[in-house]
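Subject: Structure handover and notes

Hello,

The structure you asked about is below, with my notes after it. Please read the notes with the coordinates open.

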Amino acid sequence: MQGERAGAIVAYTSAMKANSAKRAGPECLGFAARLLSRMISGIYDDALAESGLKVSQFSLLTAIANGDDPRPAELAKSLAMDESTMSRNVARMCARGWLRLAPGDDDRRSHQIEITAKGVALLEKCYPAWQKAQREIARRLGAEGVKSLRLVMNKLRSSA
C-alpha cells in the first residue's frame, strides 16, 4: 500500500513539474530575452569572426573608445554587466594589447580603462563587418522591430 502511495506521489509531482514547465517555457520573458540575445549576438559574432573579436568585446571597445577613459565600475553599470565579468574581459583585452589600465586621477587604488592604438585600429578594421551585421539584424527585425527593441531597452534601463 505504501509503495502505491509513494508511486502516486511521485507521478503527481512529475505531472505538476511537467505542467509548470509547459506553462513557464512559452511565457518566460527571461527565456525570450536570452534567446533573442543569443540570436542577435550570433549574427554579430559571425560577421566579426574573421577579426577574432566577439560582439561583446566589440561593444566594450566601442564603449571605452566613446567614453572619457571610464572607471571599471562605471563602465560595468552603463553596460549592465557585473564587475567581475567586466574585470575578466578587460584583463583579456589588456593581454591582447587592445586596452590598458591607467592610474586613477584621485586615488592610487583606482584605475581607468583606456583603449590603445591597437584597439582603435581593431575597431576600425571591424567596423565594416559590424555594419554588415547591423544591416542584417535591422532587415530581419524590420523598422518596427528595431524601434520596439530600443523602446524596451530604454524602458528597462530607466526603471532600474
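The largest nonpolar core has 24 residues, and within this core the most contacts belong to Leu53, Leu60, Leu61, Ile64 and Leu99. At least two residues of the core come from each of H2, helix H3 (55-66), helix H4 (72-78), helix H5 (83-95), strand S2 (111-115) and helix H6 (117-159). Please keep in mind that this is a predicted model.

Leu99 is a useful residue to start from. Leaving aside residues up to four places away in sequence, Leu99 touches Leu61 and Ile64, then Val90, Met93 and Cys94, and also Ile113, Glu114, Ile115 and Thr116. Two of those contacts, Leu61 and Ile64, are themselves listed with Leu99 among the core residues with the most contacts.

Ala65 is the next residue to look at, and its place is in helix H3. Ala65 counts as partly exposed because its relative accessibility is 35%, which lies between the 20% and 50% limits. With residues up to four places away in sequence not counted, Ala65 touches Ile115 and Leu123. Ala65 and Ile115 are 50 residues apart in sequence, yet their C-alpha atoms are 6.1 Å apart in space. Ile115 is thus a shared contact, touched by Leu99 and by Ala65.

Next, the charged pairs. The count of salt bridges comes to three.

One of them joins Arg100 and Glu114, with the closest N and O atoms 2.9 Å apart. This pair links distant parts of the chain, since Arg100 is in strand S1 (residues 99-103) and Glu114 is in strand S2, 14 residues apart. How accessible are the two partners, Arg100 and Glu114? Arg100 is partly exposed, with a relative accessible area of 42%. Glu114 has 18% relative accessibility and so counts as buried, the limit for that being under 20%. Glu114 is also one of the residues that Leu99 touches.

The other two salt bridges to report are in helix H6 and both involve Glu136. The side chains of Glu136 and Arg139 meet at 2.7 Å, N to O. These two residues are three residues apart in helix H6, so about one helical turn separates them. Glu136 also forms a salt bridge with Arg140, where the closest N and O atoms are 2.6 Å apart. Here the spacing in helix H6 is four residues, again about one turn of the helix. Through shared partners, the salt bridges join Glu136, Arg139 and Arg140 into one network.

As for accessibility in this network, Glu136 is partly exposed, with a relative accessible area of 23%. Arg139 counts as exposed at 56% relative accessibility, and Arg140 is exposed with a relative accessible area of 55%.

Last, the surface. Which residues make the nonpolar surface patch of about 300 Å²? The patch is made by Phe31, Leu35 and Met39. Met39 is found in helix H2 (residues 29-48) and is exposed, with a relative accessible area of 52%. Helix H2 therefore holds Met39 of this patch and also supplies at least two residues of the largest nonpolar core.

Regards

Note on methods:
Residues are numbered from 1 along each chain as its sequence is written. This is a predicted model: local features need pLDDT of at least 70, side-chain atom pairs count only at pLDDT 80 or more; totals for chains, interfaces and linings use all residues. Side-chain values use heavy atoms; hydrogens and water are left out. Patches are made of residues with over 30% relative accessible area and no salt bridge: like charges are joined within 9 Å, nonpolar side chains (Val, Leu, Ile, Met, Phe, Trp, Tyr) within 5 Å. Accessible areas come from the Shrake-Rupley method with a 1.4 Å probe; for residues, only the protein chains shown count as cover. A salt bridge is a side-chain nitrogen of Lys or Arg within 4 Å of a carboxyl oxygen of Asp or Glu. Buried means under 20% relative accessible area, exposed over 50%, partly exposed in between (1.4 Å probe, protein chains only). A nonpolar core is a set of buried Ala, Val, Leu, Ile, Met, Phe, Trp, Tyr and Cys residues joined through side-chain atoms within 4.5 Å. Contact means heavy atoms within 4.5 Å.
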